[in-house]
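Work through the exercises below with the structure open. Try each task before you read its solution.

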Amino acid sequence: MKELWKKIDRFMLKYGGYSLLIATVATVAFFAVLQWAQDYVKEKTPELEIQLDDEGYLYVNYQYDDKENVYIFWETDGGSLSIENKDNTFSEQKEYQHFNKGYYGYTKSNERVLWSSNDADGNTYSTATVRAVLYEKDKDNIYKIENYVLEVNITLTMQDGKIIKAKDRVFSNPVRENSDDNWSQIYCIQETEDTVTYRYRTGSKIDEDKVLILYWKADDSILSETDYAEGICPSASIIKENENKSEIKASTMITCEKKMCQSGKQIMAGLMDEETYKSEQVEKKDMIYISEFVFHEG
């Protein structure tokens, strides 16, 4: 556990708190820490939350003096997001929108997003969580979220064709319509000409009292940790010291270079407990809610 908390402490120093640790590592799923972080944010900033208006749009009522310098990175763990950009601030987001599978987007602090239950994987998600990460814009890279301000979540559900607020669920734990909860999935959030970026989600209800950590494994050195803090527009970048590995622990997203992913190569992802995290050897039997993915030509 010591190694785990060292990693958490380093993250706090670099990015400014447990909340962005969770924003960055949460599919990861430090789920118990996640709940603590969400409660901490609510305690410190009770006036800020994601609002749902009468038209079904989501927004954060951020009215502080620095609002012109604060942007929002929106994410959903199921369904899709339509982004309201009133001007050309996020021109790359528009230019490269074909890379985006609908799971994320950037707005100014006063702009709205619309959630839909229709997902790029072909399923309908009756309940999903949307996350808004507020950050101060960087003059050289407006998509970079390292200058963290705040993060807030909302869980949504469809009821009689209308979007309403639902009971909170942790991010990466959505509900599929007309399905049981016995599923887990590695899913693509972004695809460029050269790379593919994946996340993990599961329908199995997560016990928030447990610390569960996401583990990625491949049958070759094709996994790279996605650099969340650098932003993922127009395309995801990777953390060089965690590039081209056969296994990665505690990373919300992984990115693979297409040229390295020949047909038949396989990726596996699942959750493990603290004891397994500390061990040098992780076996499939030690994981829960496993998803496996095989690359195919084309």
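**Exercise 1. A charged residue without a partner**

Which side chain of opposite charge is nearest to Glu111, and how many Å away is it?

Solution. This is a predicted model, in which local features need pLDDT of at least 70, side-chain atom pairs count only at pLDDT 80 or more, and totals for chains, interfaces and linings use all residues. Residues are numbered from 1 along each chain as its sequence is written, and side-chain values use heavy atoms, with hydrogens and water left out.

Step 1. Find the residue. Glu111 sits in the loop between β5 (104-108) and β6 (113-116). Strands (E, at least two residues) and helices (H or I, at least four) are DSSP runs, numbered from the N terminus.

Step 2. Look for the charge. The nearest side chain of opposite charge is Lys108, 5.8 Å away. Here Lys and Arg count as positive, Asp and Glu as negative; His and the chain ends are not counted.

Step 3. Apply the cut-off. A salt bridge needs a side-chain nitrogen of Lys or Arg within 4 Å of a carboxyl oxygen of Asp or Glu. Glu111 has no salt bridge, yet it is buried. Buried means under 20% relative accessible area, exposed over 50%, and partly exposed in between (1.4 Å probe, protein chains only).

**Exercise 2. What surrounds Glu111**

Find what the side chain of Glu111 reaches.

Solution. Step 1. Check side chain to side chain. Glu111 makes a polar contact with the side chain of Asn85 at 3.3 Å. A polar contact is a pair of N or O atoms within 3.5 Å; within protein, one must be able to donate a hydrogen and the other to accept it, and residues adjacent in sequence count only if both atoms are side-chain atoms.

Step 2. Check the backbone. The side chain of Glu111 reaches the backbone nitrogen of Lys86 at 2.7 Å.

Step 3. List other neighbours. Leaving out residues up to four places away in sequence, Glu111 touches several residues, among them Leu58, Tyr59, Trp74 and Phe90. Contact means heavy atoms within 4.5 Å.

**Exercise 3. Follow two neighbours into their strands**

Trace Leu58 and Trp74 to their bridge partners.

Solution. Step 1. Start with Leu58. Its bridge partner in β6 is Val113. Strand β2 (residues 57-60) and β6 run antiparallel, joined by 2 bridges. Two strands pair if DSSP finds at least two bridges between them.

Step 2. Widen the view. An open sheet of 4 strands has the order β1-β2-β6-β4, with antiparallel pairing. Its edge strands, β1 (50-52) and β4 (80-83), each pair on one side only.

Step 3. Move to Trp74. Its bridge partner in β5 is Gly105. β3 and β5 pair in the antiparallel sense over 5 bridges.

Step 4. Find another partner of β3. Strand β7 (residues 125-136) pairs with β3 over 7 bridges, also antiparallel. Phe73 stands opposite Val133 in β7.

Step 5. Check the cover. In β3 (residues 70-76), 7 of 7 residues are buried. Val70, Ile72, Trp74 and Thr76 lie on one side; Tyr71, Phe73 and Glu75 lie on the other.

**Exercise 4. Salt bridges across the chain**

Which parts of the chain does the pair Arg176 and Asp121 link?

Solution. Step 1. Take the total. The whole structure holds 21 salt bridges.

Step 2. Inspect the pair. The closest N and O atoms of Arg176 and Asp121 are 3.7 Å apart. Arg176 is in strand β10 (residues 175-176), Asp121 in the loop between β6 and β7, 55 residues apart. Arg176 counts as buried, at 15% relative accessibility. Asp121 is partly exposed at 26%.

Step 3. Inspect another pair. Lys265 and Asp220 meet at 2.7 Å, N to O. Lys265 lies in the loop between β16 (254-257) and β17 (266-272), and Asp220 in the loop between β13 (213-218) and β14 (224-225), so the pair ties together parts 45 residues apart in sequence. Lys265 is buried at 15%; Asp220 is partly exposed at 33%.

**Exercise 5. The whole chain**

What percentage of the residues in the protein chain is buried?

Solution. Step 1. Count elements. The chain has 5 helices and 18 strands.

Step 2. Read the burial. Of the 298 residues, 53% are buried.
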